[in-house]
Amino acid sequence: MTSPLQQKIKITGPSIVTANRTWDGAVIYRTGSKSWSDELAEAAIVRTADEARALLTEAVADDLNAIGPYIAPVEVAADGAVKPGNMREHIRLTGATIALPAQA
Amino acid sequence: MYAYDDIDRTLVNERVAEFRDQVKRRLSGELSEDEFKMLRLQNGVYLQLHAYMYRIAIPYGTLASNQLRRLAHVARRYDRGYGHFTTRQNIQFNWIKLAELPDAMADLAEVGIQSMQTSGNNMRNVTADQWAGVAPGEVEDPRIWAELLRQFTTLHPEFSFLPRKFKIAITASEHDRAAIKIHDIGLRLLKNEQGETGFEVLVGGGLGRSPFIAKTIKPFVHGHDILSYVEAILRVYNQYGRRDNIYKARIKILVHELGIEKFAAEVEEEWQQIREGVLKLDEGIVEDIRSRFFYPAYETQPAMPDELKQAAHDPKFEAWRKNSVFPHKQQGYAIAVVSLKPVGKPPGDATADQMDALADIADKYSFGEIRVGHEQNLALPHVKKRDLPAVWKALEAIGLAIPNVNLVSDIIACPGLDYCSLANARSIPIAQEITRRFANHDTANLIGRLHINISGCINACGHHHVGHIGILGVEKNNEEFYQITIGGRADEGAELGTLIGPAVPYAEVADVVEDIVEAYLALRARPEELFVDTVKRLGVEPFRERVYATR
């Protein structure tokens with residue numbers, strides 16, 4: 001499998017590093033304090049390729065807790081509020097856009 | 001039903017113990033994700049957008065009521081109370097936790113359900129006509145052969161590291177309900193002039209990025225040679241399949257690039273070296289498998305019982321009966337298809353409560369048996385005709401007496417971007433909106449048989465290429481768009497659909513489908529001419545003109 005670090009990193013705006021949590025697969029975001037959060041608001045925001053590479057390197061190193069870290073775009077409002085930068089990330093954050101058939 | 005023997009049970013239990021150890025080592029850090037990924041995939045464990053997804057095989061689409069109840073238990077105990085039936089006779093759970101997976105797997109193993117090889121580059125679940133063993137006119141029950149192939153290919157070392165995944169489907173009826181022509185190997189069971197059982201063997205079908213309809217590689221392979229012939233195909237594939245390029249790794253690409261004649265010659269050469277060897281089946285082996293299938297003790301029943309005559313006065317029952325009930329090989333019995341396509345709901349999903357209730361209905365009215373079809377519907381395969389009114393009422397009580405089988409709202413759809421990490425666009429909300437547009441049963445009936453298939457990406461899990469109307473989600477500049485094809489079909493006359501025009505945005509898809517259907521109603525030669533036949537007769541142009549005239 002090609003490591004995400006072997007891929008050319010190109011970002012066009014504010015970005016974060018996200019992954020899935022190992023034990024349950026839940027969506028998690030890399031924070032600025034070398035840990036993970038399930039809150040996008042707590043994600044570390046990077047704005048350059050070098051910053052993104054550094055954050056991704058640190059995330060990839062935590063293979064025990066996170067699966068498949070990658071860089072994803074976000075939008076940052078004037079008040080600092082962070083929103084997902086595309087539909088995929090929006091769904092990962094807020095859940096399926098449909099009503100689930102059941103909720104056990 | 002097929003009864004597992006001790007070898008089967010031991011194999012499945014050992015696999016559970018092995019996976020439990022692998023999960024433990026992954027969660028302790030002893031295994032990296034790179035090391036673990038292939039192990040989990042070999043057990044049907046994917047990682048999707050929000051969670052792990054667990055895919056479980058339902059070999060040849062046959063389920064016992066206790067197995068369905070156990071699936072309900074897994075949905076309730078380890079997931080979010082529902083499961084999703086797929087286009088390959090599997091069920092998927094979308095929210096399962098890795099840490100709990102071994103327990104779920106062990107619970108399923110107790111009733112003979114397993115997930116081996118439901119993912120990864122190996123031989124996937126061998127699928128079959130969901131009406132196998134009960135369809136009138138069937139040559140013989142194809143599940144006996146499907147089970148032989150399942151046992152032969154499970155954990156077979158030569159088939160465990162193939163260039164890419166590999167899928168076999170089998171049918172024994174003239175009308176192909178198993179979509180064999182879009183499989184890597186399709187098998188059509190038939191008898192030769194001597195009355196011997198054998199197979200027409202097709203190879204190189206598949207959808208995805210490069211869709212192909214399978215070609216006949218050999219018109220008749222004797223039953224006792226089928227394992228060696230399948231092995232010969234796989235040996236040629238193993239030798240020449242493109243391991244260097246994932247997009248060219250499926251056998252369909254090899255067959256296409258070599259040409260069917262050259263490919264067939266390679267297989268023939270390989271086959272001649274092994275056909276008289278250990279893989280030659282003697283009748284005892286086939287008989288042993290056959291003896292492990294249990295069939296209901298059918299009773300003598302009237303062809304038209306009074307209960308059915310009386311119920312025919314209820315238009316709601318009649319609507320369901322005409323749409324969902326199909327002939328059975330045994331007089332006085334019927335196959336009752338249970339649509340999992342309610343208006344406005346995700347296609348193919350069933351709640352744990354519905355699964356439990358359906359298991360009860362199967363116990364009471366269908367000898368405890370349920371079938372799973374590739375159209376993402378279920379069926380009760382052995383219902384006495386006199387019990388049909390009671391079955392209908394019981395299904396209605398759980399929201400599953402939906403009279404839309406084979407109609408426009410009986411949509412095949414993949415999970416799409418709401419769940420899947422590969423998807424570019426959503427499938428389920430598109431399906432939901434279309435079902436709302438065609439919720440009127442009289443309208444749907446007027447339209448007649450029309451299959452809409454939706455995929456959220458080019459991998460085509462929703463079989464969009466072979467939908468009468470096919471819808472493929474793509475991404476353009478961060479927006480969801482949908483390419484629409486018409487004229488595809490997945491049966492014995494399988495064809496790939498033709499693109500009707502430029503992709504349309506998410507909000508317009510249901511409008512376009514309505515326009516296509518309106519065009520069909522105006523263009524069809526007579527009410528009995530099916531949509532797909534009108535497209536075949538006229539081509540796509542008249543549809544293109546009407547749909548895109550105002551766009």
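This is a short tour of chain B in a predicted model, from the whole chain down to one sheet and the helices lying across it.

**Start with the whole chain.** Select chain B and color it by secondary structure: you should find 18 helices and 21 strands. The radius of gyration is 23 Å, close to the 24 Å that the globule rule gives for 551 residues, so chain B is as compact as a globular protein of that length. Turn the C-alpha trace around and you'll see a span of about 60 × 60 × 60 Å along its principal axes. Buried residues account for 54% of the 551 residues in the chain. As for contacts between residues at least 6 apart in sequence, 67% of them join residues at least 24 apart.

**Next, pick out a sheet.** Show β1, β2, β5, β4 and β13 of chain B, in that order: these five strands make an open, antiparallel sheet. Its edges are β1 (45-47) and β13 (349-351), each of which pairs on one side only. Look along the sheet for the twist, which averages 30 degrees from one strand to the next.

**Zoom in on one edge.** Select residues 52-57 of chain B, which are β2, and bring β1 back in: the two pair in the antiparallel sense over three bridges. Which residue of β2(B) stands opposite B:Tyr46? Click across and you'll land on B:Met53.

**Finally, add two helices.** Residues 65-78 of chain B give you α3, lying across β4 (82-85) and β5 (90-96) and running at about 15 degrees to β5(B). Then select residues 101-109 of chain B for α4, which lies across β1, β2 and β5. Helix α4 of chain B runs at about 15 degrees to β2(B).

Technical notes
Residues numbered from 1 in each chain as written. Chains lettered and ligands numbered in written order. Predicted model: local features only at pLDDT ≥ 70, side-chain atom pairs only at ≥ 80, totals over all residues. Pairing = 2+ DSSP bridges. Helix = DSSP H or I, 4+ residues; strand = E, 2+ residues; numbered from the N terminus. Axes fitted to C-alpha atoms, helices over the stretch in contact; angles between N-to-C directions. Contact = placed C-beta atoms within 7 Å. Rg over C-alpha atoms; globule rule 2.2 N^0.38 Å. Buried ≥ 20, exposed ≤ 12 C-beta atoms within 10 Å, placed from the backbone.
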